[in-house]
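Hello,

Here is the structure I promised to pass on to you. Have a look at it first, and then read on for what turned up in it.

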Amino acid sequence: MTNFLLSAVIIDDDVNAILDLIDLLNTFSSINIIGTATNLDEGIELIKITHPKIVFLDVDMPNRSGIEIFDEFESIDFKIICCSSKKYFTNNSIRNSVNGYLEKPLDIIKLHEYLEKVYYELLVE
């Protein structure tokens, strides 16, 4: 895809979903997973500490929806790909200017398409 590493954070309340996404992302040599979190609050702190280029965000989590991430940052300086098993959440994520959404179970072809899109956007910024 590119010659630079894309740092990534995964936020998902389902540990098995995190592990599945890690397995898929490990097939891309340009992705560097720098952290994972199992709830939005932990994820927000992780983002503030690590400054990833991309966040894979489950939007259907207990206590706080992943979409609430937009309330936590004055400006979003990272790309967001939402992951959800519910169409309702994926449709809302489009309205909130995310860079893509993946329905669970995750599709590696769609993942590749979204990563290509993110790489291109980062190159032209």
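Are Phe73 and Phe78 buried or exposed? Both Phe73 and Phe78 are buried. Please keep in mind that this is a predicted model.

Those two residues are a nice place to begin. A search of the whole structure finds one aromatic pair, and Phe73 and Phe78 form it, edge-to-face, with 5.4 Å centre to centre and 80 degrees between the planes. Phe73 has a charged neighbour as well: Lys48 lies over its face, at 5.9 Å from the ring centre.

Now to the sheet. Five strands make up an open sheet with parallel pairing, in the order E2-E1-E3-E4-E5. Strand E2 (31–37) and strand E5 (100–103) are the edge strands, each pairing on one side only. From one strand to the next, the twist averages 20 degrees.

Strand E1 is worth a closer look. It is joined to E2 by six bridges and to E3 by four, running parallel to E3. Val9 shows both connections: its bridge partner in E2 is Gly35, while in E3 the partner is Val55. In a regular strand, side chains alternate between the two faces of the sheet. Leu6, Ala8 and Ile10 point one way from E1, and Ser7, Val9 and Ile11 point the other way. Six of the six residues of E1 are buried, so the strand is largely enclosed by the rest of the structure. Helix H1 lies across E1, E2 and E3, and runs at about 175 degrees to E2.

Next, the nonpolar cores. The largest one has 20 residues, and those with the most contacts inside it are Leu6, Leu25, Ile31, Ile54, Phe56, Leu111 and Leu115. Two or more residues each come from strand E1 (6–11), helix H1 (15–25), strand E3 (54–58), strand E4 (79–84) and helix H4 (108–124). H4 gives the largest share, six residues. A second, separate core of 18 residues includes Val59, Phe78, Ile80 and Val98, so you will meet Phe78 from the aromatic pair again there.

If you would like one residue to start from in the viewer, try Ile54. Leaving aside residues up to four places away in sequence, Ile54 touches Leu6, Ser7, Ala8, Val9, Phe78, Lys79, Ile81, Leu115 and Val118.

Happy exploring, and best wishes

Terms used
Residues numbered from 1 in each chain as written. Predicted model: local features only at pLDDT ≥ 70, side-chain atom pairs only at ≥ 80, totals over all residues. Heavy atoms only, no water. Core = buried A, V, L, I, M, F, W, Y, C linked by side-chain atoms within 4.5 Å. Buried < 20%, exposed > 50% of the residue type's maximum accessible area, 1.4 Å probe, protein only. Contact = heavy atoms within 4.5 Å. Pairing = 2+ DSSP bridges. Axes fitted to C-alpha atoms, helices over the stretch in contact; angles between N-to-C directions. Phe/Tyr/Trp six-rings, centres within 6.5 Å; stacked < 30°, edge-to-face > 60°. Lys NZ or Arg CZ within 6 Å of the ring centre and 35° of its normal.
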